[in-house]
Amino acid sequence: MRIIRGLVVFATLLLALSPILSAQMMSGSVTGRLVDQAGAVIIQAKVRLTNDLTQQVREFETDSNGNFTFTNVPPGNYTLRVTQTGFKTYEQKAINVGAVERVALSEIRLEVGDV
């Protein structure tokens, strides 16, 4: 009888946690770092990640090291757009994010543009 109760409790717990576990396993991330032509980091730049299919937009502002990180990104194709005063707008298309994949973009160099 104890074994059956133990199995029932285990099965119930497993069913209760399955949505949480699958949500964690079915998303990726996109990371990168922004620098200028001289290699200096660019802080507080606006970084936008747009899902090409759903057009859902997520935004981030680079930190004090010029880094940005988008977590819990559903699988799909994305467009990354970066804007910062004094620099040309940067856009990268066709970024493919798979489930449980960490997409580390190379160091992104922004070109000086109109203020």
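**Polar contacts, sheet pairing and aromatic residues in a predicted model**

The backbone nitrogen of Q44 lies 2.9 Å from a polar atom of the side chain of T62. The backbone nitrogen of A45 is likewise placed 2.9 Å from a polar atom of the T62 side chain. These distances, like the other values in this passage, come from a predicted model. T62 belongs to the loop between β3 and β4. With a relative accessible area of 4%, T62 is buried, because a residue counts as buried under 20%. Apart from neighbours within four places in sequence, T62 is in contact with L34, I42, I43, Q44, A45, V47, N67 and F68. Q44 and A45, whose backbone nitrogens were described above, are thus among the residues that T62 contacts.

The surroundings of T62 can be placed in the chain as a whole. The protein chain contains 1 helix and 8 strands. Read from the N terminus, the order of the elements is α-β-β-β-β-β-β-β-β. The chain has 115 residues, of which 30% count as buried. Its exposed area is about 7700 Å², and carbon and sulfur atoms supply 57% of that area. Among contacts with a separation of 6 or more, residues 24 or more positions apart account for 57%.

Four of the strands form an open sheet with the order β3-β2-β5-β6 and antiparallel pairing. Strands β3 (57–61) and β6 (90–97) stand at the edges, and each has a single partner strand, so one side of each is left without a neighbour in the sheet. From one strand to the next, the twist averages 20°. Strands of a sheet pair through backbone hydrogen bonds, in either a parallel or an antiparallel arrangement.

The pairings within this sheet can be taken in turn. Strands β2 and β3 run antiparallel and are joined by 5 bridges. In this pair, T50 stands opposite V57 in β3. The hairpin of β2 and β3 has 5 residues between the strands, and Q55 takes a positive phi near 65° there. Strand β2 (residues 46–51) also pairs with strand β5 (residues 76–83), in the antiparallel sense and over 6 bridges. Two facing positions illustrate this pairing: K46 stands opposite T83 in β5, and V47 stands opposite V82 in β5. V47 is also one of the residues in contact with T62. In a regular strand, side chains alternate between the two faces of the sheet.

Strands β5 and β6 run antiparallel as well, and 6 bridges join them. Here N77 is found opposite N96 in β6. The hairpin of β5 and β6 has 6 residues between the strands, and within this hairpin G86 takes a positive phi near 90°.

Strand β6 also holds I95. Its relative accessible area is 4%, so I95 is buried under the 20% limit. When neighbours within four places in sequence are left aside, the contacts of I95 are G76, N77, Y78, L80, V103 and L105. N77, one of these contacts, is the residue that stands opposite N96 in β6. I95 and L49 are 46 residues apart in sequence, and their C-alpha atoms are 9.7 Å apart in space.

Aromatic residues were examined next. A search of the whole structure finds 2 aromatic pairs. In one of them, the rings of F60 and F70 have their centres 6.0 Å apart and their planes at 65°, so the pair is edge-to-face. This pair links distant parts of the chain, with F60 in strand β3 and F70 in strand β4 (residues 67–73), 10 residues apart. F60 has a relative accessible area of 31% and is partly exposed, whereas F70 counts as buried at 2% relative accessibility. The assignments follow from the cut-offs, because buried means under 20% and partly exposed means between that value and 50%. F60, F68 and F70 form one aromatic cluster. F68, a member of this cluster, is also in contact with T62.

Note on methods. Residues are numbered from 1 along each chain as its sequence is written. This is a predicted model: local features need pLDDT of at least 70, side-chain atom pairs count only at pLDDT 80 or more; totals for chains, interfaces and linings use all residues. Side-chain values use heavy atoms; hydrogens and water are left out. Buried means under 20% relative accessible area, exposed over 50%, partly exposed in between (1.4 Å probe, protein chains only). Contact means heavy atoms within 4.5 Å. Accessible areas come from the Shrake-Rupley method with a 1.4 Å probe; for residues, only the protein chains shown count as cover. Two strands pair if DSSP finds at least two bridges between them. Axes are lines fitted to C-alpha atoms, for helices over the stretch in contact, and angles run from 0 to 180 degrees between N-to-C directions. Rings of Phe, Tyr and Trp (its six-membered ring) pair if their centres lie within 6.5 Å; planes under 30 degrees apart count as stacked, over 60 as edge-to-face and the rest as tilted. A polar contact is a pair of N or O atoms within 3.5 Å; within protein, one must be able to donate a hydrogen and the other to accept it, and residues adjacent in sequence count only if both atoms are side-chain atoms.
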